[in-house]
Amino acid sequence: MERNEFLKRGFGSLLSLTAIMPLMAACSGTEVDPAATSTSGSSTSTGSTNGSSSSDCTVTPTETEGPFPTKVPANFVRKDIRDGRTGIPMTMNITIKNANASCAALAGALVDVWHCDKDGYYSEYGGTGMQSANFTAVSFLRGRQVTDANGAVGFTTIFPGWYSGRAPHIHVHIYNSAGKSLLVTQIAFPYATTNTVYTTGQSYGYTKGAQDTLNERDNVFSDGFTTELATVSGSVSGGYALTHTIVVKA
């Protein structure tokens, strides 16, 4: 099935892929502290305030894992998920809150993330009509971390690219400490930031130009993305920092 055809049909049939019971396992690779990335000369696009208080505490929408979920998430316990992929550096700081506890921080949760590279390709897949480029033998831009006492996890990555039919996004799957799935969702990006990256970041390899799909016209986000919109600060030359809060029922 072609990727565009998949987007037109919708993603409901793939939700069954979320039933993966994770096991904690260490993996090799140098870890980089996400807080260390420079964002000098930065500008900021402000996203959702959801989860900031007990009165602003809406459970984040469930979204599809998409056609390229991580096959064995427990293999990728790491902060630095770049695994050799080049692009504009980006740190990703995600906080998990519990709607069943007045939006208190959720410690000990497993947080899996994955996204495409600057060219719009996913690791672990390819060589098919869905994705012609074959990356079945590599595992870039996939990672897992466990939330700390503040409900926070951090990753070092690159600014994701885009592919036809989808707005730029990051996939997130959250489990409790026992491995029970709590939420599968996606993170949306402010258009002002993505447009800057894709139209001025050619020297970093972003050569496709402006994205062809806005959040409002995206099949996943078109029903509303207010609580899925990240705050992104930084610059093309200095790198970016993404911060976002996700609210679950635990």
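Start by selecting cysteine 103: with a relative accessible area of 6%, this residue is buried. Keep in mind along the way that you are looking at a predicted model. Cysteine 103 sits in the loop between β2 and β3. Its phi is near 65°, a positive value in a residue other than glycine. Most residues other than glycine have a negative phi.

Now step back to serine 102, in the loop between β2 (89–98) and β3 (104–105). Here too the phi is positive, at about 55°, although serine 102 is not a glycine. Is serine 102 buried or exposed? Serine 102 is exposed, with a relative accessible area of 52%, whereas cysteine 103 is buried.

**The whole chain**

Zoom out and colour by secondary structure. You should find two helices and ten strands. Starting at the N terminus, the order of the elements is α-β-β-β-β-β-β-β-β-α-β-β. Of the 250 residues in the chain, 54% count as buried. If you look at contacts with a separation of 6 or more, 78% of them join residues 24 or more positions apart.

Next, colour by pLDDT. The chain has a mean of 88, and 84% of its residues reach 70 or more. Then select residues 8–41, where pLDDT stays under 50. For this stretch the model has 72 contacts beyond four places in sequence.

**A stop at alanine 149**

Select alanine 149, in the loop between β5 (142–146) and β6 (152–158). Alanine 149 counts as exposed, at 68% relative accessibility. Which residues does alanine 149 contact, leaving aside its neighbours within four places in sequence? They are Ala105 and Ala107. Draw a distance from alanine 149 to alanine 105: C-alpha to C-alpha they are 7.2 Å apart, with their positions 44 residues apart in sequence.

**Helix α2 and what follows**

Move on to helix α2, residues 191–200, and show its side chains. Its buried residues are Thr193, Thr194, Val197 and Tyr198. Turn the view until you look down the axis of α2: these buried residues fall within an arc of 120°, so they line one face of the helix. Which elements do the buried residues of α2 pack against? Show β1 (43–45), β9 (231–235) and β10 (239–248) to see these partners.

Just past the helix, select glutamine 202, in the loop between α2 and β9. Glutamine 202 is partly exposed, at 43% relative accessibility. Add valine 236 to the selection. These two residues are 34 residues apart along the chain, and their C-alpha atoms are separated by 9.9 Å.

**Last stop: the cavity**

Rolling a probe the size of a water molecule over the atoms shows where empty space is left. How many cavities of 30 Å³ or more does a search of the whole structure find? There is one. The largest cavity holds about 40 Å³ of space.

To see its walls, select Lys118, Gly161, Trp162, Tyr198, Tyr206, Thr207, Lys208 and Gly209, which line the largest cavity. By class, this lining has three nonpolar, three polar and two charged residues. You have already met one of them: Tyr198 is among the buried residues of α2, and Tyr198 also lines the largest cavity.

Definitions and conventions: Residues numbered from 1 in each chain as written. Predicted model: local features only at pLDDT ≥ 70, side-chain atom pairs only at ≥ 80, totals over all residues. Heavy atoms only, no water. Buried < 20%, exposed > 50% of the residue type's maximum accessible area, 1.4 Å probe, protein only. Helix = DSSP H or I, 4+ residues; strand = E, 2+ residues; numbered from the N terminus. Arc of directions from axis to C-beta. Contact = heavy atoms within 4.5 Å. 1 Å grid on protein atoms, 1.4 Å probe; cavity = no way out; pocket = protein on both sides within 12 Å on 5 of 7 lines; lining within 4 Å. Points joined across faces, edges and corners; volume = space filled by probe spheres on them. Nonpolar A, V, L, I, M, F, W, Y, C, P; charged D, E, K, R; others polar. pLDDT = per-residue confidence, 0-100.
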